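Let's take a walk through this structure together, one stop at a time. Keep the picture open and follow along.

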Amino acid sequence: MTDAPVVSRRSPAVRRSLASLLPEFPWDTLADVTALARSHPHGIVNLSVGTPVDPVADVIRDALAAASAQPGYPTTVGTPELRAAAVGALARRYGIGGLDDRSILPVIGTKEVIAWLPTLLALGPDDLVVIPELAYPTYEVGALLAGCRTLRADGVSRVGPERASLMFVNSPSNPSGRVLGVAHLRKVVEWARERGTIVVSDECYLGLTWEGRAVSILDDEVCGGDTTGLLAVHSLSKTSNLASYRAGFVAGDPALVAELLAVRKHAGMMVPLPVQAAMTAALSDDDHENVQRERYRDRRTALAAAVVAAGFTIDHSEAGLYLWATRGEPCRDTVRWFAERGILVAPGEFYGPDGGTHVRIALTATDERIAAAVARLTV
Ligand SMILES: Cc1ncc(COP(=O)(O)O)c(C=O)c1O
């Protein structure tokens, strides 16, 4: 026996890194325009990310604090109170009926479940994942992590004869704020049922609709009361300002929920108990949510007027936390134009090739910072 160090026999070159399969983290490419915006004498107005800035409501913080002395492990399935609160909130806020506690699974923020869903569902290189043409980047990341193929398609006719295993829809959309109507969603569900495609509907902006009506994939009018093959993903980050808590849940087909639960239990993908208590409080109280919605409505009104006055066209944006704006030039030029005024916005190309001439302007800044942006855009 010698004390020689143990050397792995596997050549480092053999190991495939997951990171190498993923695109560059898009926000890292904004370093120079961020520095430019920061150099504004009255400070940066950061409208590039949709991170909440308003306080967490006392009713939620109190619930978190009251649960903070609990030493034991939480359950992956979530407390009965949390699942009941989610069922109640979906019914009250969005008119989604027919769910019960077997239809709900808490997640550690919805980005987590979106990124891992294809993997959790055992999809792989033989599977096609359909994502929106303009899409929150994590749909593609989730498909890449599982080694799946992806196709960008807004309508089912764009998918053609290919059999898709999973389709992500996102209404209201990030980044464009586009809302898909009942007829569109119903067609997606019918198409998916004929092919055995699972539909995952990311509905984190459903409670932030400014014009018209946005409906859930689980709405009776869309799915006819049958949730088979359907999952809705709901985040508490935006509606309840809980981005820092990492709080969301999946709702829908009990068989899919049970499958996800079985894997997540083994993998330790459980929501901390104090956060589950905070979520329960948030989902049981609509007042704080209504207050927050009105804050965003006012910011949207002020900012939209200034963006239009500055010569931009706003497309869609009938819901959600963003203005999807263009003046027909490459998006990086527009990003620089805003940065010269101390305002940081996101280039549309982050969300897909169709976003090349748009920028995404977030409504998630304080009233004071929104007023500063309005002033800079209207001089
Ligand atoms: C469309 C969409 N889905 C999911 C998320 C992730 O939300 P969270 O992980 O905070 O629940 C975001 C966040 O911006 C989003 O815009």
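When we talk about helices and strands here, we mean DSSP runs: at least four residues for a helix (H or I) and at least two for a strand (E), numbered from the N terminus. One more thing before we set off: the model is predicted.

Start with the big picture. The UniProt record, an unreviewed entry, places the feature "domain: Aminotransferase class I/classII large" at residues 44–377. Over residues 44–377, helix makes up 39% of the chain and strand 16%. The C-alpha atoms at the two ends of that stretch sit 13 Å apart.

Now look inside. The largest nonpolar core counts 121 residues. A86, V199, I217, V250, A278 and I361 are the ones with the most contacts inside this core. Which helix gives the largest share of the core? That is α9, residues 273–284, with eight residues. To get a feel for one of the well-connected spots, pick V250. Leaving out residues up to four places away in sequence, V250 touches L105, V107, V113, L231, V233, V257 and L260.

From the core, move on to strand β10, residues 322–326, where you'll find A325. Is A325 buried or exposed? A residue counts as buried if 20 or more other C-beta atoms lie within 10 Å of its own. A325 has 25 such atoms within 10 Å, so A325 is buried. Setting aside neighbours within four places in sequence, its contacts are V307, F312, T313, I314, H358, V359 and I361. I361 has already come up, among the residues with the most contacts inside the core. For a sense of distance, try D286: A325 and D286 are 39 residues apart in sequence, and their C-alpha atoms are 31 Å apart in space.

Just ahead of this strand, in the loop between β9 (313–315) and β10, is S317. S317 isn't a glycine, yet its phi is positive, near 60 degrees. S317 counts as buried because it has 26 C-beta neighbours inside 10 Å. R246 also has a positive phi without being a glycine, at about 60 degrees. You'll find R246 in the loop between β7 (230–235) and β8 (248–252). With 18 C-beta neighbours inside 10 Å, R246 counts as partly exposed.

Next, a couple of helices. Helix α5 covers residues 138–145, and it is mostly covered: six of its eight residues are buried. Those six are T138, Y139, E140, V141, G142 and A143. What lies over them? The cover includes α4 (110–120), β3 (128–131), β4 (149–152) and β5 (166–170). Just past the end of α5, G147 has a positive phi of about 80 degrees.

Helix α12, residues 367–377, has I370, A372, A373 and L377 as buried residues. Why do these residues line one face of the helix? Looking down the axis of α12, the buried residues fall within an arc of 155 degrees, so they line one face. It helps to recall that an α-helix has 3.6 residues a turn, so residues three or four places apart point the same way. Among the elements covering the buried residues of α12 are β1 (45–46), α10 (287–309) and β11 (343–344).

Now head back to the stretch after α5. S165 sits in the loop between β4 and β5. S165 counts as buried because it has 22 C-beta neighbours inside 10 Å. Not counting residues up to four places away in sequence, S165 touches L123, D127, L128, V129, T197 and I198. Beyond β5, in the loop between β5 and α6 (182–195), comes P172. The peptide bond from S171 to P172 is cis, with omega near -10 degrees. P175 lies in the loop between β5 and α6 too, and the bond from N174 to P175 is cis, with omega near 20 degrees.

Our last stop is the ligand. Of the 14 residues around it, G109, T110, K111, S235 and S237 come nearest. Which element gives the largest share of this shell? That is α4, with three residues. By type, the shell divides into eight polar, four nonpolar and two charged residues. S235 also gives us a link back to S165: the two are 70 residues apart in sequence and 24 Å apart in space, C-alpha to C-alpha.

Key
Residues are numbered from 1 along each chain as its sequence is written. This is a predicted model: local features need pLDDT of at least 70, side-chain atom pairs count only at pLDDT 80 or more; totals for chains, interfaces and linings use all residues. A residue is buried if 20 or more other C-beta atoms lie within 10 Å of its own, exposed if 12 or fewer, and partly exposed in between; C-beta atoms are placed from the backbone. The arc is that of the directions from the helix axis to the C-beta atoms. Two residues are in contact if their C-beta atoms, placed from the backbone, lie within 7 Å. A nonpolar core is a set of buried Ala, Val, Leu, Ile, Met, Phe, Trp, Tyr and Cys residues joined through C-beta atoms within 7 Å. A residue is near a molecule or strand if its C-beta atom, placed from the backbone, lies within 6 Å of it. Ala, Val, Leu, Ile, Met, Phe, Trp, Tyr, Cys and Pro count as nonpolar, Asp, Glu, Lys and Arg as charged, and the others, Gly among them, as polar. UniProt positions are given in the numbering used here, feature names are shortened, and annotations may be inferred rather than shown by experiment.
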